[in-house]
Amino acid sequence: TPSDSYQPEDTSYVHHQQRALKILAIGTAYEDTILYVEKFPPEDGKQRAQKVEKRRGGNAGNTLTILSQFPNFQSYFMASMASEEASNFLINDFEKHGIQTSACIFRQNAFHSPVAYIIQAEETSSRTIINYNSIEELTSAEFGEKFDELCDGETMSSLIGDVPFHWIHFEGRNVEETAKMMDYVDTKPWRSRTVVSVELEKPHRHGLEHLMRRADVIFFSKVFAEGKGYDHPGDFLTVMAPACKSTAYLFCTWGDAGASCFHNPTQRLFTAPALPITRVVDTVGAGDTFIAGVIYGLSLGVAPESVLRFACELAGHKCLQIGFDEEM
Ligand code: ADP
C-alpha cells in the first residue's frame, strides 16, 4: 500500500474514499503457462525447467488483479472469451480475486481460451512470450450492450458527481472497434467525470493514434517507443504529447530504467527511477502493475509526479515476487 508521502492533493476526489471506486477494464484474458529456466534455451535444444506454473494472464485483467487488492476498489472485466465451459479456469480466477465478469461475452463455438507460453530466464531476467488467440474480438455493438447493462446495474447514489464507473481502461487492440467503444463512452452524460485510459503496447498495430487522442490517460510500453525509433521515454513522450488531448497524462515505462510521465496540462515531463532490485524473480506483468499504480494514485487525486514514483515502486515490488497474489 502507498506510504504516507502520497497524499491526495485534490480534495474533490475525497468523497470517493467513502464509497467503492469502480474500475472497468476491457481486454483479453489468457491462460499463461510460465516456464522458469536458468538460461534461455538455444534453438532446437532441449532442457529442463526449474518450475512450471499456470495462471491467468492478459494485461487489463492483471491490472485489475492488483487494483482489487487496494481497499475500496471494485473491479469489472469485459472481454470476448471462449465458450463458458472452456473459460472455467479464467472466470473462476477472476471471481476468486473479486473481479466481476458479468460483462464477458462467451463465444460458444470457441473451445480454447487464448494461451500464452512464457519462458522466464533467470540468467538474463528476460521473459519471452509466445501467445495464441483465435477468439473473435469484442465488437463495439457487443460492448455497447454490455456496457449499458453494467451501467444500469450500478445504482448511482444521489451524491453529486456519482458515476457508474470512475475509470474505464482499454487495451489498445482491435483499433477500429475500440475507437468506437471509446466514442460510445463519450456519449454518456457523466463522461467528464470518469477517466478513460488506453494501453498501447504493440507498435505495429495500425491506427493507434486514433485511440491515443480519445483517452485521458495513455500508457505506452518501452517496446512501443522503441518500435517508433526512440531510445528514451522522455523524448518519446514529448513527441507524442501534441497528438493527445490537451488535458492528457502520458506514461511510458522503461523496465529497469523506471518510467516517465508527460503532463499535458502543464507541459511538464517527470521521470522516476525503478526500484533498485538485486534479484529479479518474475517480471511478468510489471507493466500491468505499473498501470494499476497509476490508476490507483490518480483516482485518489495524487499529483502525477508522486503517482509516477509510487507506480514504479509498486511495479518494482511485483518483480520481487512470483505472480500478483502475495502481500506487496
Ligand atoms: P512490461 O511488463 O510491460 O514489459 P516494463 O518492463 O517496462 O513493463 O516495466 C514496467 C515497470 O516495472 C517499470 O517502469 C519499472 O518501474 C518496473 N520494473 C520492470 N523491470 C524492473 C527491474 N528489473 N527492476 C526494477 N523495476 C523494474
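**Exercise 1. Determine whether Q267 is buried or exposed, and describe its backbone.**

Solution. Step 1: the scale is set by relative accessible area, where buried means under 20%, exposed over 50% and partly exposed in between, with a 1.4 Å probe and protein chains only. Step 2: Q267 has a relative accessible area of 54%, so Q267 is exposed. Step 3: Q267 is found in the loop between β14 (259-263) and β15 (268-272); helices (H or I, at least four residues) and strands (E, at least two) are DSSP runs, numbered from the N terminus. Step 4: the phi of Q267 is near 60 degrees, a positive value in a residue other than glycine. Most residues other than glycine have a negative phi.

The model is a predicted one, in which local features need pLDDT of at least 70 and side-chain atom pairs count only at pLDDT 80 or more, while totals for chains, interfaces and linings use all residues. Residues are numbered from 1 along each chain as its sequence is written, and side-chain values use heavy atoms, with hydrogens and water left out.

**Exercise 2. Carry out the same steps for N72: state where N72 is placed.**

Solution. Step 1: N72 is in the loop between α1 (59-67) and β4 (73-78). Step 2: its relative accessibility is 37%, so N72 counts as partly exposed. Step 3: the phi of N72 is near 70 degrees, again a positive value in a residue other than glycine.

**Exercise 3. Describe the aromatic pairs of F310 with F70 and with Y296.**

Solution. Step 1: rings of Phe, Tyr and Trp (its six-membered ring) pair if their centres lie within 6.5 Å; planes under 30 degrees apart count as stacked, over 60 as edge-to-face and the rest as tilted. By this rule there are 18 aromatic pairs. Step 2: the ring centres of F70 and F310 are 6.4 Å apart and the planes stand at 55 degrees, so this pair is tilted. Step 3: the pair links distant parts of the chain, since F70 is in the loop between α1 and β4 and F310 is in helix α9 (residues 304-319), 240 residues apart. Both F70 and F310 are buried. Step 4: for Y296 and F310, the centres are 5.8 Å apart and the planes at 50 degrees, so this pair is tilted. Step 5: Y296 lies in helix α8 (residues 286-299) and F310 in helix α9, so the pair ties together parts that are 14 residues apart in sequence. Step 6: Y296 has a relative accessibility of 9% and therefore counts as buried; the value for F310 is 6%, so F310 counts as buried.

**Exercise 4. Check the span of α9 and find what covers its buried residues.**

Solution. Step 1: the expected span of a helix is 1.5 Å times one less than its number of residues. Step 2: the 16 residues of α9 should therefore span 22 Å, and the end C-alpha atoms are 23 Å apart, which agrees. Step 3: α9 is mostly covered, with 12 of its 16 residues buried. Among the buried residues are P304, V307, L308, F310 and L314. Step 4: the cover over these buried residues includes α1, β13 (249-253), β14, β15 and α8.

**Exercise 5. State which residues H263 is in contact with, and which residues L64 touches.**

Solution. Step 1: contact means heavy atoms within 4.5 Å. Step 2: H263 is found in strand β14 and, at 9% relative accessibility, counts as buried. Step 3: leaving aside neighbours within four places in sequence, H263 is in contact with A248, Y249, R268, F270 and P304. Step 4: L64 is placed in helix α1 and has 0% relative accessibility, so L64 counts as buried. Step 5: not counting residues up to four places away in sequence, L64 touches I23, A25, S75, Y76, F77 and I99.

**Exercise 6. Identify which residues lie over the faces of Y36 and F324.**

Solution. Step 1: a charge sits over a ring if NZ of Lys or CZ of Arg is within 6 Å of the ring centre and within 35 degrees of the ring normal. Step 2: K51 lies over the face of Y36, at 4.6 Å from the ring centre. Step 3: K318 lies over the face of F324, at 5.2 Å from the ring centre.
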